[in-house]
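This report describes a few local arrangements in a predicted model. Please keep the sequence and the structure in view while reading.

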Amino acid sequence: MVLREAVTALLGRMGGDMERLRSKIAIGVVGPHDLVEQIVHIGAGLPSAASLRLVGASQPCELEIPDRLSKILSTIDAVLFTGPLQHDLARQTGELPVPATHVPVSGAGLYACLLRGVLRHGIDPARISIDSLSQDEVAEAYDEIGVPASGVHVCEYLRPDSVRDFHGFHERLHKSGATGAAVTTVRSVADKLADDGVPVLRVKPTTDTVRQSLDTAALLGAGSRLGEAQIAIVLVELGASARPTYSGPGNYWQQELKLSLHRALLADVRLMGATVAPREENSYVVTTTVGALTHATEEFTVAPFMDRVRADVGVAVDVGIGLGHTARDADANALTALERARGSDAAAAFLVGDDGTSLSLPLRQRRKVEVETEPETESKAVKVRDRLLRHLGDDPEAMVVDAEIVAEILGVAQRSARRVLQNLVEEGLAWALPPVKSPHAGRPRQPYRLVNG
């Protein structure tokens, strides 16, 4: 029931954000300037233009593609390359962190190119050389327009290295008189052929092909966003050493400890746009999204919540994180992760993904470094707290004191002991617990719990 209520609350909070999320799918368009400009212009006229944000990343040279792409990756949900060459060049540097597709080279673009060549330049379509397209695609296109293809020479695109042969392929055929013009899809090849005096036409995608490619990229981007919006469950449980030796309505230390843990979790949870609710007697459940959790864990490299709880509450917690296609799967994986975390001596959080893989997320070292680098000596309040703790021992229940106990340990009057306790509270070294009514007349007993950490 707690999980269902937390998920419902989170989904309600996510409702408006998800609507805005869908309305701003960012698509990076990568390739030569003229094609990027063409695609962005066509995209602006789509019925779905209001739900898309096109981010152009043009480059004059194919070798610059990885560098240009890296500059926009953090701002896009998917990437649309202007052709297969650009797509393959980008993938040579490693797996792309966002979904990607490219505008296909097809017979439709070839039709438009041949028509321009005939009408504007008087080129004979039966005596040309064509690169990038396959032999079958060219044969099918020529069959449809009713032109014999026996005098047409084709050099297919197989991989980025094959583009190096395109210029020599076209130039040799033209110099030998076998062709009257070259048809290419690669801008650098077209520019070099033109410089060498070879008549050249460049195949560009048709408007319909670009529309379909933009639709595909938008679907990939939406899928990426929905993946980030999947629900993640985080279970935070008091470590065994921090749990009280007995439970009950009269155990004010336990109640205050749970409230303090709740407050510490809320400090981080609010920044994530998540929800937190009691799970069992000694644990809480945080319901969030994969996207928010990715940010909170610094790309799944550090544990969430653990350093905050240690700093604010002074106790150790076990943290288990579960991801899944459904909330039930995520919860089951979180329980598995929590079980593994219990055996780590509160040194790391554990995450179990929807495919069953397990990941250990270590504690941040930030706070420890800050303390080590500060040359300041311990304050008087810290020394008093430590003196009290040494006298009381390690029993958590013994750390609950009042003015009478403090006066006896320090050898001062109770009035002075009350000032000492108030100072400890102001320094964050003690908590004021609910007052305890005395069976006799007079002021209620005011207990405090000393914070050891």
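Which residues does V36 touch, not counting residues up to four places away in sequence?

## The surroundings of V36

Leaving aside residues up to four places away in sequence, V36 touches V29, V30, G31, G56, A57, S58 and T82. V36 has its place in helix α2, which spans residues 33-44, and V36 is buried, with a relative accessible area of 6%, a value that falls under the 20% limit for a buried residue.

A further relation across the sequence links V36 with L54: the two are 18 residues apart in sequence, and their C-alpha atoms lie 9.9 Å apart in space.

## The enclosed helix α4

Helix α4, made of residues 84-91, is largely enclosed by the rest of the structure, because seven of its eight residues are buried. The buried residues of α4 are P84, L85, Q86, H87, D88, L89 and A90. The elements that cover these buried residues include two strands given as β1 (25-31) and β3 (78-81), together with α3 (65-70) and β4 (100-102).

## The crossing of α15 and α17

Helix α15 (residues 380-392) and helix α17 (residues 414-426) have axes that come within 10 Å and cross at roughly 110°. Because angles of 65 to 115 degrees count as roughly perpendicular, α15 is described as roughly perpendicular to α17. The crossing of these two helices, α15 and α17, is left-handed.

On the side of α15, the contact is made by A381, V384, R385 and L388, while α17 contributes V420, N423 and L424. Sorted by class, the residues in the contact of α15 with α17 are five nonpolar, one polar and one charged. As a general point, an α-helix has 3.6 residues a turn, so residues three or four places apart point the same way.

## The three-stranded sheet and α17

An open sheet of three strands, with antiparallel pairing, follows the order β15-β17-β16. The edges are occupied by β15 (400-401) and β16 (430-432), and each of these has a single partner strand, so one side of each is left without a neighbour in the sheet. Strand β17 (residues 448-450) runs antiparallel to β16 and is joined to β16 by three bridges, with A430 standing opposite L450 in β17.

Helix α17, which also takes part in the crossing with α15, lies across β15, β16 and β17 and runs at about 60° to β17.

Note on methods
Residues numbered from 1 in each chain as written. Predicted model: local features only at pLDDT ≥ 70, side-chain atom pairs only at ≥ 80, totals over all residues. Heavy atoms only, no water. Axes fitted to C-alpha atoms, helices over the stretch in contact; angles between N-to-C directions. Helix = DSSP H or I, 4+ residues; strand = E, 2+ residues; numbered from the N terminus. Parallel < 35°, antiparallel > 145°, perpendicular 65-115°, else oblique. Left-handed = near helix turned anticlockwise from the far one by under 90°. Contact = heavy atoms within 4.5 Å. Nonpolar A, V, L, I, M, F, W, Y, C, P; charged D, E, K, R; others polar. Pairing = 2+ DSSP bridges. Buried < 20%, exposed > 50% of the residue type's maximum accessible area, 1.4 Å probe, protein only.
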